[in-house]
Amino acid sequence: MTDSSTDTAPVRLTPGEPAPEFTLPDAEGNLVSLSSYRGRRVIVYCYPAALTPGCTTQAVDFTAAAGELAEAGLDIIGVSPDPVEKLMRFREKENLSITLVSDEDKQVLTAYGAYGPKKLYGKQVVGVIRSTFVIDAEGRIEKAAYNVKATGHVAKLRRDLGLS
């Protein structure tokens, strides 16, 4: 018997639908709720693991763009299954200023369609699907991008948002 939760494609969010609500601990252990960002747009990006090369590139790029994104009314929340302690090490080691939250049970990643079957080095595995979502001021999905590349993604997102 197979586990249907791992061999079916994850849900994919589409523009216009409500963003799944969440409250998760950040690198300092403080709870961060998506609902507290109402009235502002939010970039929620999902990444597999802190302190790995691709995820570091993406987090450093988001940190570098954070000021410009904030001026454009966009906040940033990075979501990974890493424990809070690892997120703190990641922030300190890489001088990250963006909000990073821990989804150890992967419920939020799953709700966003960012956890499930994927190809890794040609093999089918189950894990975090690198994804980015722009959520509007009312809490609806504005943009949803799955299987994004870590390198160059923030620059592409800035172009897509008309910021570069």
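Here, a residue is called buried when its relative accessible area is under 20% and exposed when that value is over 50%. The exercises below work through a predicted model with that scale in hand.

**Exercise 1. Place C55 in the fold and decide whether C55 is buried or exposed.**

Step 1. Begin with the annotation: an unreviewed UniProt entry lists C55 under "active site".

Step 2. Find the element. C55 sits in helix α2.

Step 3. Apply the cut-off. The relative accessible area of C55 is 2%, so C55 is buried.

Step 4. Look at the neighbours. Leaving aside residues up to four places away in sequence, C55 touches Y47, P48, A49, F90 and R130. One of these partners, F90, is itself a buried residue of helix α3. Another, R130, is among the residues nearest the centre of the largest pocket.

**Exercise 2. Work out which residues of helix α3 are buried, and why they can be said to line one face.**

Step 1. List the buried positions in α3, which spans residues 84-94: they are V84, L87, F90 and R91.

Step 2. Look down the helix axis. The buried residues of α3 fall within an arc of 115°, and therefore they line one face of the helix.

Step 3. Turn to the face pointing away from that buried side. There you will find the exposed residues E85, E92 and K93.

Step 4. Ask what the buried residues pack against. Their partners are β1 (23-25), α2 (53-71), β4 (74-80) and β5 (99-102).

Step 5. Follow the chain just past the helix. N95 lies in the loop between α3 and β5. Its phi is near 55°, a positive value in a residue other than glycine. With 65% relative accessibility, N95 counts as exposed.

**Exercise 3. Find which residues A27 touches, and where A27 lies.**

Step 1. Locate A27 in the loop between β1 and β2 (31-33).

Step 2. Check accessibility: at 4%, A27 counts as buried.

Step 3. Collect the contacts, again without residues up to four places away in sequence: V84, L87, M88, R91 and L100. Of these, V84, L87 and R91 belong to the buried residues of α3.

Step 4. Compare sequence and space for one pair. A27 and V84 are 57 residues apart along the chain, and their C-alpha atoms are separated by 5.0 Å.

**Exercise 4. Describe the largest pocket: what is its volume, and which element gives the largest share of its lining?**

Step 1. Take the volume, about 450 Å³.

Step 2. Turn to the lining. It has 17 residues, and K118, K119, L120, V128 and R130 lie nearest the centre.

Step 3. Assign elements. α2 and β6 (115-120) are the ones that give two or more residues to this lining. The largest share, four residues, comes from β6.

Step 4. Sort the lining by class: nine residues are nonpolar, three polar and five charged.

**Exercise 5. Do the same for the second largest pocket, then look at helix α5.**

Step 1. The volume of the second largest pocket is about 160 Å³.

Step 2. Its lining includes T132, K143, H153, L157 and D160. At least two lining residues come from each of β8 (131-135), β9 (141-146) and α5 (153-160). α5 gives the most, with four residues.

Step 3. By class, the lining holds five nonpolar, two polar and four charged residues.

Step 4. Now examine the helix. H153, V154 and L157 are the buried residues of α5. Their directions from the axis fall within an arc of 95°, so these residues line one face of the helix.

Step 5. Add the packing partners of that buried set: β3 (41-46), α2 and β8.

Step 6. Check both ends. N147, in the loop between β9 and α5, has a positive phi of about 55° although it is not a glycine. Just after α5, G162 takes a positive phi of about 75°.

**Exercise 6. Decide whether I135 is buried or exposed, and list what I135 touches.**

Step 1. I135 is placed in strand β8.

Step 2. Its relative accessibility is 1%, so I135 counts as buried.

Step 3. Outside the residues up to four places away in sequence, I135 touches A19, L34, R40, R41, V42, V44, Y112, R140, I141 and E142.

Step 4. Finish with a distance. I135 and G29 are 106 residues apart along the chain, and 24 Å separates their C-alpha atoms.

Notes
Residues are numbered from 1 along each chain as its sequence is written. This is a predicted model: local features need pLDDT of at least 70, side-chain atom pairs count only at pLDDT 80 or more; totals for chains, interfaces and linings use all residues. Side-chain values use heavy atoms; hydrogens and water are left out. Buried means under 20% relative accessible area, exposed over 50%, partly exposed in between (1.4 Å probe, protein chains only). The arc is that of the directions from the helix axis to the C-beta atoms. Contact means heavy atoms within 4.5 Å. On a 1 Å grid over the protein atoms alone, a cavity is a set of points where a 1.4 Å probe fits but cannot get out, and a pocket is an open set with protein on both sides within 12 Å along at least five of seven lines; lining residues have an atom within 4 Å of a point. Grid points are joined across faces, edges and corners, and a volume is the space filled by probe spheres set on the points. Ala, Val, Leu, Ile, Met, Phe, Trp, Tyr, Cys and Pro count as nonpolar, Asp, Glu, Lys and Arg as charged, and the others, Gly among them, as polar. UniProt positions are given in the numbering used here, feature names are shortened, and annotations may be inferred rather than shown by experiment.
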